[in-house]
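Work through these exercises with the sequence and the coordinates open. Each task is followed by a solution in short steps.

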Amino acid sequence: MQVIIVKDKAEMGKTAAEIVAGGMRAKEHFVLGLATGTTPIPLYRELIRMHKEDGLDFSTTASFNLDEYVGIPGTHDQSYRFFMNRELFDHVNINKKATHVPDGMADDVEMFCAEYEAMIADCGGVDCQILGIGSNGHIGFNEPGTSLGSRTHRTALTESTIKDNSRLFEKVEDVPTEAITMGIGTILESESILLLANGANKAKAVADAIEGPITATCPASALQLHPNVTFILTEDAAADLKLEWHRG
Ligand code: F6R
């Protein structure tokens with residue numbers, strides 16, 4: 001487990017982008033696992049800069065997003081498909097057909113979840129999975145109590161996640177109450193994992209994930225089982241860690 005503590009979210013984004021770009025340059029058909037939310041935005045900005053200024057090539061890269069709300073289409077401005085187009089895909093030379101975000105409007109959600117797993121496997125698995133973390137320790141939409149072996153599935157969002165996400169909707173009643181998410185077992189099959197966190201509101205979840213027991217009560221603690229996971233944290237998000245970690 002590698003923990004890198006940086007001074008601010010701009011540095012968090014740059015550090016993560018260096019790692020992602022290194023992987024993309026080393027492997028032609030790179031498969032990225034992507035997250036939405038505010039945390040990865042500095043990473044996506046830096047990847048866009050690298051594409052425009054340094055020629056970072058996305059043409060043979062494929063991507064799989066972690067999750068999507070159930071009940072809103074990809075054209076909805078709060079859908080995760082819309083977010084990914086706006087924050088990354090529309091600004092780089094990725095083949096949109098090779099970008100995958102779960103379909104929140106699927107007629108048969110359970111069947112879709114099985115197909116999503118099969119699509120990831122057909123692409124050879126995720127090479128680098130980007131994660132944020134919820135203030136309750138969730139990864140993807142795997143809320144506390146989710147089986148650590150779970151696969152892509154439909155899930156109900158907790159009150160705390162609905163409240164956290166309501167800042168992006170006009171009113172809390174507009175926040176969808178269900179989502180499709182890769183499972184914790186799915187995430188753990190990625191070749192490498194990068195979890196980013198910034199902000200004091202993430203400090204407890206980060207400390208529980210890295211230094212607490214492995215427990216479904218803190219889904220991110222399952223990452224301790226992964227042989228190639230890197231946490232990139234700002235000082236405030238790392239504030240509750242007790243062990244001595246590298247400060248970069
Ligand atoms: C988003 C996702 C979530 C977020 C988490 C943190 O695709 O899977 O687990 O990473 O809720 O969200 P932010 O970054 O908005 O604090």
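**Exercise 1. Find how far a polar side-chain atom of Asp67 lies from an oxygen atom of the ligand.**

Step 1. The model is predicted. Take the side chain of Asp67 and pick its polar atoms.
Step 2. Pair them with the oxygen atoms of the ligand; one pair lies 2.6 Å apart.
Step 3. Polar contacts need N or O atoms within 3.5 Å. The Asp67 value of 2.6 Å fits that distance limit.
Step 4. Turn to the cover around the ligand. Taken alone, the ligand exposes 410 Å², and the protein buries 92% of that.

**Exercise 2. Give the distances from a ligand oxygen to the side chains of Thr39 and Lys202.**

Step 1. For Thr39, an N or O atom of the side chain is 2.4 Å from an oxygen atom of the ligand.
Step 2. For Lys202, a polar side-chain atom lies 2.7 Å from a ligand oxygen.

**Exercise 3. Describe the shell around the ligand: how many residues surround it, and which are the closest?**

Step 1. Count the neighbours: 14 residues surround the ligand.
Step 2. List the closest: Thr39, Asp67, His138, Gly140 and Lys202.
Step 3. Sort the shell by class. It holds 3 nonpolar, 8 polar and 3 charged residues.
Step 4. Place the ligand among the pockets: the ligand sits in the largest one.

**Exercise 4. Which residue's side chain makes a polar contact with Thr152, and which with Thr186?**

Step 1. Locate Thr152. The loop between strand E6 (128–131) and strand E7 (153–156) holds this residue.
Step 2. Locate Thr186. This residue belongs to helix H6, residues 184–188.
Step 3. Search from Thr152: its side chain is joined to that of Glu117 by a polar contact of 2.7 Å.
Step 4. Search from Thr186: a polar contact of 2.7 Å joins its side chain to Glu117.
Step 5. Check burial. Thr152 has a relative accessible area of 9%, so it is buried. Thr186 has 7%, so it is buried too.

**Exercise 5. Is Leu225 buried or exposed? Is Leu47 buried or exposed?**

Step 1. Leu225 is in the loop between helix H7 (203–211) and strand E10 (229–234).
Step 2. Its relative accessible area is 54%. The cut-off for exposed is over 50%, so Leu225 is exposed.
Step 3. Leu47 is in helix H2, which covers residues 41–54.
Step 4. Its relative accessibility is 1%. Buried means under 20%, so Leu47 is buried.

**Exercise 6. What class does Met119 fall into by accessibility, and what class does Ala207?**

Step 1. Met119 lies in helix H4 (residues 109–122). At 28% relative accessibility, Met119 counts as partly exposed.
Step 2. Ala207 is part of helix H7. Its relative accessible area is 11%, so Ala207 is buried.

**Exercise 7. Set sequence separation beside C-alpha distance for four pairs.**

Step 1. Leu225 and Met1 are 224 residues apart in sequence; their C-alpha atoms are 9.1 Å apart.
Step 2. Met119 and Phe64 are 55 residues apart along the chain, with 9.1 Å between their C-alpha atoms.
Step 3. Leu47 and Val92 are 45 residues apart along the chain, and 8.4 Å separates their C-alpha atoms.
Step 4. Ala207 and Lys163 are 44 residues apart in sequence, yet 22 Å apart in space, C-alpha to C-alpha.

Notes. Residues numbered from 1 in each chain as written. Predicted model: local features only at pLDDT ≥ 70, side-chain atom pairs only at ≥ 80, totals over all residues. Heavy atoms only, no water. Near = heavy atom within 4 Å. Polar contact = N/O pair within 3.5 Å; in protein donor to acceptor, adjacent residues only side chain to side chain. Areas by Shrake-Rupley, 256 points an atom, 1.4 Å probe, with all protein chains shown as cover. 1 Å grid on protein atoms, 1.4 Å probe; cavity = no way out; pocket = protein on both sides within 12 Å on 5 of 7 lines; lining within 4 Å. Sits in = over half its atoms within 2 Å of the grid points. Nonpolar A, V, L, I, M, F, W, Y, C, P; charged D, E, K, R; others polar. Helix = DSSP H or I, 4+ residues; strand = E, 2+ residues; numbered from the N terminus. Buried < 20%, exposed > 50% of the residue type's maximum accessible area, 1.4 Å probe, protein only.
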